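User: I'm new to this structure and would like a close look at one part of it. Could you take the sheet in chain B and walk me through how it is put together and what packs on it?

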Amino acid sequence: MPDDLLGLLLDLMRLPAIPGREGAVADRLETAWRPLVDEIRRTPAGSVVATRHGRGRKPRPSVLLTAHMDAIGLAAADFESGFLRIASAGHMFSEPLVGQRVLIHGKRLVPGLLVRPPDACLPPLKEDEPVPLGGLLVDTGLSPRQLQALVRIGDPITFDRMGTQLGPGLIAGPAIDNRAGLAAITLALKELTGGTHEWDVVLGGLVQEETGGLGGRTAAHATAPTLAVIVDTTFGRSHGEVEHLTFPLGGGPSNGWGPAAHPVVHERLRQAAERLDLPITLEPMPTFSESDADRIQISGSGVATGCIFIPVRNMHSAVEVVDLDDIRRTAAIVAEFVRDLDAEAALSLDRG
Amino acid sequence: MARSRPSRTAQRSHLALLRALTEASGVSGDEGEVRRLVREQVAPMADDLQVDSLGNLLALREGRGDRRVRVMVSAHMDEAGLMVTGAGADGTLFLAPVGGIAPYHLLGKMFWIGKDRSPGVIGMTPPHLAASAERKALAVEQMRMDIGASTREQALSRVRIGDRATFATPLARMGECVSAKALDDRLGVAILIELFECAPTNIDLLAAFTVQEEIRARGAGAAAQRLDPDLAIAVDCTPARDLPTWDGSENTTYNTHLGQGPALYTSDRATVSDRRLLEHLEGAARAARLPYQLRQPGGGGTDAGPIHRARRGIPSASVSVPVRYPHSPAGLIAVDDWRNTILLLHAALSRVTPATLARGKR
């Protein structure tokens, strides 16, 4: 059955959303979710929260399905004789940035080029030492005066690169972390509208995950869910990566295990995958999940959390790679997990 | 075909040609796609056209009258890039550089591979998994191209060992500039095509679209040998390293400045420009009120290297368009520099007479 996942994912990847400036992606999600839910709103922090009522008796428990809307990016930090210095929004290295086409979201869209100045213009570096991010410049081809008329300090800078099909079923491009997760919860919602579910389902498109997790902190408070499943990305295996820390593309999502995951939620997610005969891999999270689960779990009086992560290669670069089937599997597992939630399920969350 | 003067501004057709030329793949030794584009453009006007065994495309446009000087103008069709040298069991491709490309330019970029332009990416370890202290610069030979294949067989059903790969960069306008891959030297190729279209009639114009410049200028010598010109000008691109320094000190190694006009060479590592030609170019620029700059002498080389050593020695000089970030995913040129280069070349060739190379002026 065609699910238009490709179209949705490419559309989401095209939209800019550095942390704190997620409006364009939020609008797109509202368009996708509105016909399928009973209520939809924005939180004061900017997250999109949509509720689809379950069939169960009131007061119904609720399950929050989240994915963050923001992606790593840059911001204009200073004018430097016709060039821009940059600040990073999110965790990244300088090498994959050098030579990238970017868009500066100023008074209008200004195309630019991220460049590494010649060695003679840089502080002395050890041989093969990478350039610090602050050493890079953006060249727009504009005069200093033109540039300052269009761009202000703090304006977002995003990669100017469309998603590209990389062989059958694989997509490469920027911001797959975490547009893949948003696409997955959207597919799960669509699947749930085709049947019935007891619990209320709350979808959360969250802000500012890459810079500290404002969306996670606040969305859980705003929705007070019984439990939450956080859909995000994990390290896809590519050539030369450490095997035990990475997950093969096409091998299904990982299911986080550790302090940030409730053991019952973890187990129910595993069982959901098993019922569908879909692959799912345990991902050890010895301390933190490095996702919104870390905030959502301890919000309010505590939330039972589960972590489902989609493998993505080259995370935090302009050429992240994802397998569309992994997104579909994630959606199917999450939908099956939700369908299986009944009145008993809420009680099973008590830790004996 | 009517001969006219080159226009001061970049017309839509000029940009369309530059787009086609820069987006074509032409890694050294594999210039066929570029050569076909060049042939389409110059064949209708050429009085003679041949392709030699190396792949140099040589086109003659005859002038009128006698005492015509035979002027060779060269621009190289090839670009620095990559060759696929194998496929691993995990479906990723092994690579080797062709020409000078800094390995850091490859990480996190997208590429076009082979005749079908199959997409591929060179990834890198995410920052979360590589403490910055352990970050090591990778050599090209240690990198892998990811084409979304998961086995060697799958990979080799999509690309072939020996295929060339280039940066996947479409041309874009940026302010008063143009950004594209392979501006070095497709911009020179575009300029030479335009010069051929409006060739001055006082000379025989011998246009040489050369191969293998990026791997020690191996193509142009054979072209000069065959064409036997009286003098030669290599049209190329040269780095504009005119960026601000980290500590605000003066940048004294800029090589050239973007936007300050065509760069004339006094000397580089391969050639000392013929003094008479250099003065002729400067005189033409002054007479036509065109800006120009002298490239800082030092490293680098152009097709003038092998050309001026050909036969009994051919008086040669180089004229380059300043380009920022050559041999990277995307370079940048000023449209004014492009137009002023074609205007200067046209003005200079229009004034060439046998007296240009008169003895004693040297």
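Analyst: Start with strand E3 (residues 69-76) of chain B and strand E13 (residues 231-239) of chain B: they pair in the parallel sense over four bridges. To find the spot by eye, look for Val71(B), whose bridge partner in E13(B) is Leu231(B). Keep in mind that this is a predicted model.

Now zoom out to the whole sheet. That pair belongs to an open sheet of eight strands in chain B, and if you read across, the order is E1-E2-E12-E3-E13-E16-E14-E15. The pairing is mixed. In general, strands of a sheet pair through backbone hydrogen bonds, either parallel or antiparallel. At the edges sit strand E1 (48-51) and strand E15 (293-294) of chain B, each of which pairs on one side only.

Let's go to the E1 edge. Here E1(B) and E2(B) pair in the antiparallel sense, over four bridges. A handy marker is Asp48(B), which has Leu60(B) as its bridge partner in E2(B). The two strands form a hairpin with five residues between them, and in it Gly55(B) takes a positive phi near 110°.

Next, what lies on the sheet? One helix to find is H4 of chain B, residues 183-197. H4(B) lies across strand E2 (57-61), E3, strand E12 (203-210), E13 and strand E16 (316-323) of chain B. Relative to E13(B), H4(B) runs at about 140°. Then there's helix H5 (residues 220-227) of chain B, which lies across E2, E3, E12 and E13 of chain B. H5(B) runs at about 155° to E12(B). So the E3 and E13 pair you began with has H4(B) lying across it, and H5(B) as well.

H4(B) has a helix partner too. Two packed helices are described by the angle between their axes and the distance between the axes. For helix H2 (residues 32-42) of chain B and H4(B), the axes come within 10 Å and cross at roughly 20°. Because angles under 35 degrees count as roughly parallel, H2(B) is roughly parallel to H4(B). Their crossing is right-handed. On the H2(B) side you'll see Val34(B), Val38(B), Gln41(B) and Val42(B), and they meet Val189(B), Ile193(B) and Phe196(B) in H4(B). By class, this contact has six nonpolar residues, one polar and no charged.

Finally, a step outside the sheet, to where chain B meets chain A. The contact takes 45 residues from chain B and 49 residues from chain A. Several strands of chain B each supply at least two residues to the side that touches chain A: strand E6 (109-113), strand E7 (118-122), strand E10 (172-174) and strand E11 (177-180). That side of chain B divides into 22 nonpolar, 14 polar and nine charged residues.

To retrace the route: you began at the parallel pair of E3(B) and E13(B), moved out to the edge strand E1(B), came back to H4(B) lying across the sheet, and then picked up H2(B), roughly parallel to H4(B).

Definitions and conventions
Residues are numbered from 1 along each chain as its sequence is written. Chains are lettered from A and ligands numbered from 1 in the order in which they are written. This is a predicted model: local features need pLDDT of at least 70, side-chain atom pairs count only at pLDDT 80 or more; totals for chains, interfaces and linings use all residues. Two residues are in contact if their C-beta atoms, placed from the backbone, lie within 7 Å. Ala, Val, Leu, Ile, Met, Phe, Trp, Tyr, Cys and Pro count as nonpolar, Asp, Glu, Lys and Arg as charged, and the others, Gly among them, as polar. Axes are lines fitted to C-alpha atoms, for helices over the stretch in contact, and angles run from 0 to 180 degrees between N-to-C directions. Angles under 35 degrees count as roughly parallel, over 145 as roughly antiparallel, 65 to 115 as roughly perpendicular and the rest as oblique. A crossing is left-handed if the near helix is turned anticlockwise from the far one by less than a right angle, and right-handed if clockwise. Two strands pair if DSSP finds at least two bridges between them.
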